[in-house]
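Colleague: I would like a close look at one part of this model, a pair of packed helices and what lies around it. Please take it step by step.

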Amino acid sequence: MTTQEFKFSSAQSGDHDELTDLVQGKGCFTSDVSLPGQLHACFVRSPYAHAQIASVNAEAARAMPGVRLVLTPADVAAAGLGCIMPLVVMKGSNGQNMHCSGIPILATDRVRHLGEPVALVAADTLEQALNAAEAVEVDYVDLPCVTDLQQALLPESPQVHAAVSGNVAMDWSQGDSPELERAFAEAHHVQELELKDPMLTGSPMEPRAAIASYDAEKDHYTLVAGTQGVKTIHSVLTNQVFNLAPDRLRVLTPHVGGGFGLKSQTYPEYAALLLASRLVGAPIKWTATRLECFLTDTHGRNTHLRGRMAFDREGRITGLKADVLCGIGAYTSGYIAVVSTMNIYNCLSSVYQMPRLALRSRMVHTHVMSGGPYRGAGRPEAVYLVERLLDEAAHAMCLPRDTLRRRNLVPASAMPYKAANGLTYDSGEFEAILDKTLLLADWQGFESRRAAALARGRLRGIGVCSFLEVAGGILEEPADIRFTDDGRVALHLGAQGMGQGVHAIYTQLLADKLGVPLSSVVLVTGDSDQVPGIVSTVASRTTMMAGSATTLACEESIRRGRHFAAHHLEARVEDIAFAAGRFTIVGTDRSMGLLDLAKALRLATDLPEGMPKTLDNLTVFKASSVNFPNGCHVSEVEVDPETGTVEFIQHTAVDDVGVMLSPTLVEGQIMGGVVQALGQVMGEMLHYDDQGQLLTGSYMDYPMPRADQIPLMVLAHHSVPCTTHPLGVKGAGESGVAGAWPAAVSALLDALRPAGVKQMDLPFTANRIWLALKAAKAQSTV
């Protein structure tokens with residue numbers, strides 16, 4: 001089966017404007033793909049958060065019109081399918097591996113979260129599949145459940161897994177020392193704070209979807225699905241679930257309408273569809289409803305954060321201790337271990353001189369959908385805790401918020417700077433960024449704006465956040481360059497675009513490095529048969545990693561080309577220069593174009609010993625370090641005390657993402673991150689009741705930010721190149737969230753504090769603000 005049969009191609013010319021296609025509605029997403037003879041699937045899902053499955057009876061459903069197959073847990077067991085296990089397994093403080101509770105393809109003896117798939121119905125039409133799904137009889141025995149993290153730790157709480165004592169899959173810690181304890185004992189001031197960060201859903205424009213097809217003659221599976229990396233999904237399905245040789249499964253990803261971390265996960269629906277296609281002998285198509293997305297996309301955030309920060313008399317930080325509960329839901333998903341531990345720990349020192357720090361993190365099971373990475377994946381949580389502690393300490397110590405931050409910033413002269421978490425910051429000018437941001441936001445003139453707002457009956461606040469992220473993730477990435485018979489250059493990358501415009505970045509980079517026309521460059525992605533690597537597009541890593549790998553692969557092609565050019569032009573290798581896509585004998589007009597040379601090499605015979613046979617190469621880039629995007633955001637807000645309504649007036653952001661290969665795309669990423677952060681602050685929350693039922697399972701209840709709620713954005717850059725890889729870039733995909741979330745909360749609390757509200761947890765909905773103001777007013781009159 002070829003990519004053309006799916007009416008999309010994983011290979012696109014470099015001069016093809018992908019973003020224009022997407023804006024004009026010309027993209028091809030998984031749901032746009034159809035195959036001859038395809039059936040339609042519907043999943044039977046648990047209406048309970050926790051229940052024993054006594055029986056599954058599908059006889060009535062199988063007899064209904066158009067129904068071709070009802071896949072049950074017994075079918076999955078008979079096929080010998082394994083569970084989907086985590087991709088990252090870590091050791092806890094006791095030295096033992098974390099408990100790994102794999103995701104079953106279909107629930108067998110019990111269900112552990114609302115919406116867990118129990119059966120699959122495949123029929124000629126979607127309507128027939130939906131009707132038949134209602135006829136599948138599942139006998140559930142309802143069991144007690146727990147959805148709150150702190151309650152899950154109580155001895156009397158229901159256990160999500162019998163083997164996981166106290167619902168704690170791992171108790172992990174790092175950084176404790178006698179010196180840290182001494183810093184707290186000797187501190188002039190210790191600031192303490194406890195914060196709750198509710199569950200979120202990524203809510204991409206494109207819901208999860210898949211088409212599974214099995215070729216009986218070739219004993220070969222094909223899966224088309226919107227993913228953040230075909231090789232990751234391919235690896236999990238072949239190695240963990242089906243126990244297949246790699247060449248027996250092909251995973252294809254066309255355009256992807258947003259990922260935000262959730263599409264990095266391998267989901268049980270993919271495996272169920274593949275098995276069902278094999279059993280029924282036809283392709284099967286499924287697109288999740290938005291309710292299914294709310295219930296079964298991996299949930300993000302869901303942390304309880306406790307922090308203690310020690311200061312000396314001058315307000316300098318002497319130590320930080322954090323204790324975090326991370327909700328991981330019913331099962332341990334792919335990357336949840338690193339999200340819950342190292343991602344938080346690595347960002348706790350942020351942009352500040354923090355001589356000692358420690359983190360304890362507990363991964364806690366509850367009866368909700370499995371947790372997973374959500375834009376930032378633990379890093380914004382760390383920044384949020386640090387920035388909130390600094391705000392509260394500034395008030396307690398009677399210091400301006402910007403002054404306390406400035407007093408603790410790592411100076412540019414200290415670079416490279418070894419942070420307390422063991423990481424070495426290679427570059428950064430944190431104070432210069434703070435100064436630039438405060439100037440752009442007119443921080444000094446704020447009090448006059450506050451007074452004017454108060455005269456209009458409004459509460460106005462301003463907030464600041466200085467931050468540093470750790471980007472890069474897994475520090476190894478390949479790039480595969482192939483010179484094709486039709487005279488073009490194909491760049492094969494495992495990095496997957498998700499609407500962020502990376503197609504243009506990589507093709508332009510290759511064209512520039514090789515000196516060939518953009519029209520001669522082809523980018524191949526989204527095809528597990530054609531791309532290298534095993535890592536998904538996560539952790540703001542792909543431009544740094546895939547871009548650097550592309551650069552090295554180009555250099556290797558040029559190196560090989562120089563040797564063949566010397567042979568072909570009858571010159572010494574030392575006399576061959578390369579520029580603007582041509583190999584030239586220095587001091588002469590004799591030259592040969594790269595593309596022509598590649599063709600000549602392909603046709604050459606009787607090459608000298610040691611001469612490269614091709615310019616094609618697969619080169620792996622191994623980074624020496626992660627990189628450190630950083631910045632400063634200032635948010636300004638007004639609150640109507642009569643209604644609790646919030647209006648964000650302006651959001652100012654100055655970011656250092658190193659060298660910007662495309663400033664337009666960088667700003668798009670920062671703006672997108674800011675909007676997602678404001679959505680979290682204003683009201684996004686997956687709220688489960690005590691019975692495990694989701695009360696915010698639609699956009700009537702889950703308030704995504706609207707265009708009229710987004711403030712004026714003032715964006716600027718302060719680029720300090722990264723020194724640890726060839727391109728000098730730093731991650732840009734998640735810094736908008738890390739800066740905007742704490743800045744927005746800081747601004748809101750600054751607006752509410754004069755009215756007596758000194759502490760609130762997310763989200764800051766109008767109703768919750770109104771109730772807090774009412775309670776503060778009542779308290780002040782007592």
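Modeller: What follows goes through one helix, its packing partner, and then the loop after that partner. The model is predicted.

Start with helix 19, which covers residues 663-682. Helix 19 has 20 residues and reaches 28 Å from its first C-alpha to its last, close to the 28 Å expected at 1.5 Å a residue. Its buried residues are Leu665, Val666, Ile670, Gly673, Val674, Gln676, Ala677, Leu678, Gly679, Gln680, Val681 and Met682.

Next comes the partner. Two packed helices are described by the angle between their axes and the distance between the axes. For helix 19 and helix 20, the angle is about 40° and the axes are 7 Å apart. The two helices are therefore oblique to each other. The crossing of helix 19 past helix 20 is right-handed. On the helix 19 side, the contact is made by Ile670, Gly673, Val674, Gln676, Ala677, Leu678, Gln680 and Val681. Helix 20 contributes Ser735, Gly736, Val737, Ala740, Trp741, Ala744, Val745 and Leu748. By class, the contact has eleven nonpolar and five polar residues, and no charged ones. An α-helix has 3.6 residues a turn, so residues three or four places apart point the same way. Among the helix 19 residues in the contact are Ile670, Gly673 and Val674, and these are also on the list of buried residues of helix 19.

Now the loop that follows. Helix 20 runs over residues 735-752, and Arg753 is found in the loop between helix 20 and helix 21 (766-780). Is Arg753 buried or exposed? With a relative accessibility of 17%, Arg753 counts as buried, because the cut-off for buried is under 20%. Leaving aside residues up to four places away in sequence, Arg753 touches Glu392, His395 and Lys758. Glu392 and His395 fall within the range of helix 12 (379-396).

That helix is preceded by a loop, running from strand 16 (357-365), in which Ala377 lies. Ala377 is not a glycine, yet has a positive phi of about 50°. Ala377 is buried, with a relative accessible area of 8%.

Back in the loop between helix 20 and helix 21 there is also Pro763. The peptide bond from Leu762 to Pro763 is cis, with omega near -5°. This loop therefore holds both the buried Arg753 and the proline of a cis peptide bond.

Conventions. Residues are numbered from 1 along each chain as its sequence is written. This is a predicted model: local features need pLDDT of at least 70, side-chain atom pairs count only at pLDDT 80 or more; totals for chains, interfaces and linings use all residues. Side-chain values use heavy atoms; hydrogens and water are left out. Helices (H or I, at least four residues) and strands (E, at least two) are DSSP runs, numbered from the N terminus. The expected span of a helix is 1.5 Å times one less than its number of residues. Buried means under 20% relative accessible area, exposed over 50%, partly exposed in between (1.4 Å probe, protein chains only). Contact means heavy atoms within 4.5 Å. Axes are lines fitted to C-alpha atoms, for helices over the stretch in contact, and angles run from 0 to 180 degrees between N-to-C directions. Angles under 35 degrees count as roughly parallel, over 145 as roughly antiparallel, 65 to 115 as roughly perpendicular and the rest as oblique. A crossing is left-handed if the near helix is turned anticlockwise from the far one by less than a right angle, and right-handed if clockwise. Ala, Val, Leu, Ile, Met, Phe, Trp, Tyr, Cys and Pro count as nonpolar, Asp, Glu, Lys and Arg as charged, and the others, Gly among them, as polar.
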